[in-house]
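Dear colleague,

I am handing over the structure below, and I would be glad if you could look through it before reading my notes.

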Amino acid sequence: MIIVMSGQATEAEIKHVIERVEECGFSAHVSRGVERTIIGAVGSGERREELKALLAAPGVVDVTPITHPFKLVSRQIKHDRTVVDVGGVRIGGHETVVIAGPCSVESREQLMETALAVKASGAHLLRGGAYKPRTSPYDFQGLGIEALEFLEEARRATGLPVVTEVMSTEDVEVVAEYADMLQVGARNMQNFSLLRKLARTRRPILLKRGPSATVKEWLLAAEYLLAGGNPDIVLCERGIKTFETATRNTLDLASIALAKELSHLPVIADPSHGTGVRSLIPAASRAALAIGADGLIIEVHPCPERALSDGPQSLDLAGFSGMMRTLCEPFRAMAAPKGDVKAA
Ligand code: PEP
Ligand code: MN
């Protein structure tokens, strides 16, 4: 249920409603907007009728059911957009944020060269996989802790906060110790034990959409993180499986606009995995920003032909620098307004 307080409601009136919501067996999630305060009553309690009766409480102007299965993620509960701070970089604010770096961290030199180059081209965050989810067990699986140490060194050298994937519940602590943001890979989007554990970390999460997940399932995965106590979630559309084989995945651009309509969370696009084709990445990036993405995550390698993973979709250093110039400010200004996408 959503309990809408009047703009003039006093602190005491708000407190009273929160207490009543909790007495009825629900948890109260308070969202203080510019104009009014909304209290979301979330849970599976049976005393819904008593919540409805709160319409009679002082300061309450409306009590309505939350119509979506995802609650805390929904713009019904929090209309103002969430901005997620990752080591001082704000995702979901007015600036487009670009995360760049190699698919896998392969060596100290490869990472450092890439990190310095993407920083010089204007990237805001550094990516690099230490633990790699690979389709084949015979493919490169990542350097693990050694890669985390290289990432830390690259952060010190460039000042770029670091994003890296955590694949299993066992690795959450160690990855959280090194990284500024933890990525949940597409294949792990519905790994509920991992989501529950990540909900309890203090690190922001980059939640990739599963290749076969609907937007509803993606938002429900985010709901696990919010419901478990982590409010700092960024959604990432990275392409879904369709009948098309000319591209690696189908970048579902409309899902970016839809996720922003349904949710207050920031949404970024991954055109590298979304297309799998290097030449398409600049155009797909511009399209994603035009439809409202708050940022991009791009794979970059100093020598893609030697990459141990995802070489065909990696931009080289010059390619990334060229792409960044096509995302210049006048284009960004044309992009969909970030702050006020209207809910359906
Ligand atoms: C990656 O970012 O390199 C990756 C493996 O992504 P995804 O989980 O989207 O396939
Ligand atoms: Mn990759």
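What follows is an account of the domains, the metal site and one sheet.

This is a predicted model, in which local features need pLDDT of at least 70 and side-chain atom pairs count only at pLDDT 80 or more, while totals for chains, interfaces and linings use all residues. Residues are numbered from 1 along each chain as its sequence is written, chains are lettered from A and ligands numbered from 1 in the order in which they are written, and side-chain values use heavy atoms, with hydrogens and water left out.

The protein chain is divided into domain 1 (2-64) and domain 2 (81-343), with bounds that come from an automatic or database domain assignment. Their C-alpha centres lie 36 Å apart.

The manganese ion (ligand 2) is coordinated by C103 (SG), H273 (NE2), E299 (OE) and D310 (OD), at 2.0 to 2.4 Å; donors are N, O and S atoms within 2.8 Å of the metal (3.2 Å for Na, K and Ca), and since water is not among the atoms, sites may look incomplete. C103 counts as buried at 4% relative accessibility, and H273 counts as buried at 9%, where buried means under 20% relative accessible area, exposed over 50% and partly exposed in between (1.4 Å probe, protein chains only).

An open sheet of 4 strands (E, at least two residues, DSSP runs numbered from the N terminus) has the order β2-β3-β1-β4, with antiparallel pairing, where two strands pair if DSSP finds at least two bridges between them. The edge strands, β2 (27-32) and β4 (60-64), each pair on one side only. Strand β1 (residues 2-5) is joined to β4 by 4 bridges, and the bridge partner of V4 in β4 is D62.

Best wishes
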